Structure formats: structure tokens, C-alpha cells
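Here is a friendly walk through a two-chain model and the place where its chains meet. Please keep the viewer open as you read.

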Number of protein chains: 2
Amino acid sequence: MKRTSLAGDSCPVARALDVFGDWWSLLIIRDASLGRRRFGEFQASLGLAKNILTTRLRTLVERGILKTVPASDGSAYQEYVLTPKGHGIFPILVALRQWTEEFDDHPDEIATIMVDRDKGKPVKKLALLSQDGRVLGAADTTLKPRPAVKRARRVSA
Amino acid sequence: MKRTSLAGDSCPVARALDVFGDWWSLLIIRDASLGRRRFGEFQASLGLAKNILTTRLRTLVERGILKTVPASDGSAYQEYVLTPKGHGIFPILVALRQWTEEFDDHPDEIATIMVDRDKGKPVKKLALLSQDGRVLGAADTTLKPRPAVKRARRVSA
DNA sequence: GCAACGAAGTTTAATAATGCAACCAACTGG
DNA sequence: CCAGTTGGTTGCATTATTAAACTTCGTTGC
């Protein structure tokens, strides 16, 4: 099948999908952000074949989304927890959730809502803001070529 | 192989992935949101096999993400444009983009930045806010069971 | 300390999804 | 009406996914 890799693509959306855009990775990340840590927990929750889970966990670790930590309950097994890079995926999960909440044809089948821990009230919708605070829709944005990186003034001496 | 469908899942993240979570759909949606409309444009931009593009466009239309419109340049061909449901995916694309901008190991390979059309300045990061305006991180949120829907008071007479 | 059990993987074989390339039909331009 | 383009289909090879059996430990129970 030779799934064409997007790793070298210059589009940041494609680059993100190349890292965790396959069928299971985002669900594993979702589970991890819900606090699941053990191989068996993921397997029971997702119902995917164990070999697939093995390879997914491995590549997510390789790519710095997850890391393995020695134990936690004292047993000699390992657990999988999100790295900062992995925690950074949280807004993507929120965006996916909110899209479903707004557009799903059967919203009654959605089991949970996201609330803020303090007040217990539903969170607001993600908003894209300009630097002066206006709310932006897709039509209010454009893409510009990325400006050249500031080069370090002098590498040595 | 029977790729396990997530359509009946109660998790809104899984439900979204079931709609456009495959390898190409989000990239097609990205292209559509950049203004590409023609079969040939998508094919040239994405470099995917034409049969795959055919099936993807068809399912995206079936699912209400895209719709076909008769022409635009007068020719008798059809074009594919986003529905409101499709435009609603925009925040997800932004979230993916911003994740790459923040965490990619080779940010120098990113070609474009998103700016607001008016001022030409980079947009701010998507923020998740509570109803009283606090910025929430993943740890500041919880999931609650969805409250029962308000039932229509009386269906007939 | 030894047997049974379970958790975490690996291996294997069958099957479904994907990719590639060639083919086809309709439309366009002259 | 003929050549080229657009949009799409069909077949075949390749790869991913799955389920189930098997391995390899660690963890009890005794």
C-alpha cells in the first residue's frame, strides 16, 4: 500500500497528520489525556488488535508524543504517559469534540461534555483571535510565506 | 480487515475521526478551504491516485462536508466546495497547524504562517476559555455525562 | 521453590484498504 | 469531427489491519 509519507511536506497541517494522523494514534492520545496509562487499558478501551497497539505505542514514543515510565503501582511493567509535545495535542482534541457537538447528525449519542474543573460549567468554543482581539473566521485569514528565520549572530567566537 | 467503524462510538472525538479521520480527507478539506475546487486541482496538489480521490470526494459529499456545484467557469464540469459543516472544520485545521508550529522538530520546513487578512499579522493561538473567561489547560477540564436532552413538551395535540 | 495466572508482546494467516497504472467517456477547442 | 483535457473507472500488486495462537516474562498462591 505504501502510504505516501507527508513528513517532508511544507504544510504544517500535513506535517501534523504525518505524526499522529492515522486511524488509531489520536484515539490513543485521547485515552492518554483521559489518564489511561497501561497497555491493557488502551487495548480494552479501544478494542484494537494488540500488535497494532504495540506498533502505535512504539511510534508515538519514537516521535516524542508519549514516553514510557517505569512503573507507578509498583509492578515491574511500564506505563505510557504524554510528553509536553503530546499534551500540546489537547486543543486538537477539543476542536474535534466541538465540531462533533456542533455538526453531528446524532448529537444525542454523544456521551460527555467538557466542563471546567472549577465551576463545572461547559467550556466555551475555541476562538481564533487576531492580535488586536477580533474573532477570526476562515475567511478573515490568509497564509503568508514564513519569514526567514533569524540566524544566530555568530556560532563560535 | 474490516476497519472498525467508530460511527457508533459515544466519544465525540472518535465520531469526528470517523467522518474525516482517514489519511486524505483532512488534506482535501484543507485544500478546499484554500480555495481549490476542481478534481484536477486536488489531484495535482495532493498527488494521490485518482481513484482514491474519487472515493474520498464522494464520501465527503455523502457526509455533508463538501457539495458539488454545477460550474463556475462556464464549463459543464462540476466543482467541490465546502458546506457549512465543512467550514466548521476550520478550527481543527488551525489547531493542527499551531501544534506543528510549536512542536515540530524542523519548523524551518514550514512554508506558511496564518495571518489575519486585515492587518497581515500572525493570528494568536487558539485558547480554550471557561464561561467566566479563564484560559483552561487540559488539567483544568473534566468530562461530565451529557445532560439529558430537553424533550419536546408534547409531540401531538 | 514450583505451578498457575495474567500482562505485554510477537508471530501467523486471512482479509480489506490502498496505491499505481492503464483504460474510458464526456466535454472542449479548433 | 478530431486532438487534448477533465473526471473517473477497472484490475492488479502491495500493504495494513485483524483475530487468534503462541512466547515471555512478572506476579501471585501455596
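## Symmetry of the copies

A turn of 180° and a shift of 0.0 Å along the axis lay chain A on chain B with an RMSD of 0.0 Å, the superposition being by least squares on the C-alpha atoms of residues with pLDDT of at least 70 in both. The two copies are thus related as by a two-fold rotation axis. Both use the same surface: 100% of the contact residues of chain A recur in chain B.

This is a predicted model, in which local features need pLDDT of at least 70 and side-chain atom pairs count only at pLDDT 80 or more, while totals for chains, interfaces and linings use all residues. Residues are numbered from 1 along each chain as its sequence is written, chains are lettered from A and ligands numbered from 1 in the order in which they are written, and side-chain values use heavy atoms, with hydrogens and water left out.

## The shared surface

The contact (heavy atoms within 4.5 Å) takes 82 residues from chain A and 82 residues from chain B. About 7,700 Å² is buried between chain A and chain B, and carbon and sulfur atoms give 64% of that area; buried area is the accessible area (1.4 Å probe) that two parts lose on being put together, summed over both. Trp23(A), Trp99(A) and Arg146(A) supply 11% of what chain A buries against chain B, more than any other three residues.

## Polar links and elements

Between chain A and chain B there are 12 salt bridges, each a side-chain nitrogen of Lys or Arg within 4 Å of a carboxyl oxygen of Asp or Glu. One of them joins Glu109(A) to Arg15(B), with the closest N and O atoms 2.9 Å apart.

Which elements of chain A each supply at least two residues to the side that touches chain B? They are α1 (12-20), α2 (25-33), α5 (84-87), α6 (90-103), β3 (112-116) and β4 (141-145), where helices (H or I, at least four residues) and strands (E, at least two) are DSSP runs, numbered from the N terminus. α6(A) gives the most, with 12 residues.

## Strands across the interface

β4(A) pairs with β3 (residues 112-116) of chain B in the antiparallel sense over five bridges; pairing requires at least two bridges found by DSSP. Within this pairing, Pro145(A) stands opposite Thr112(B) in β3(B).
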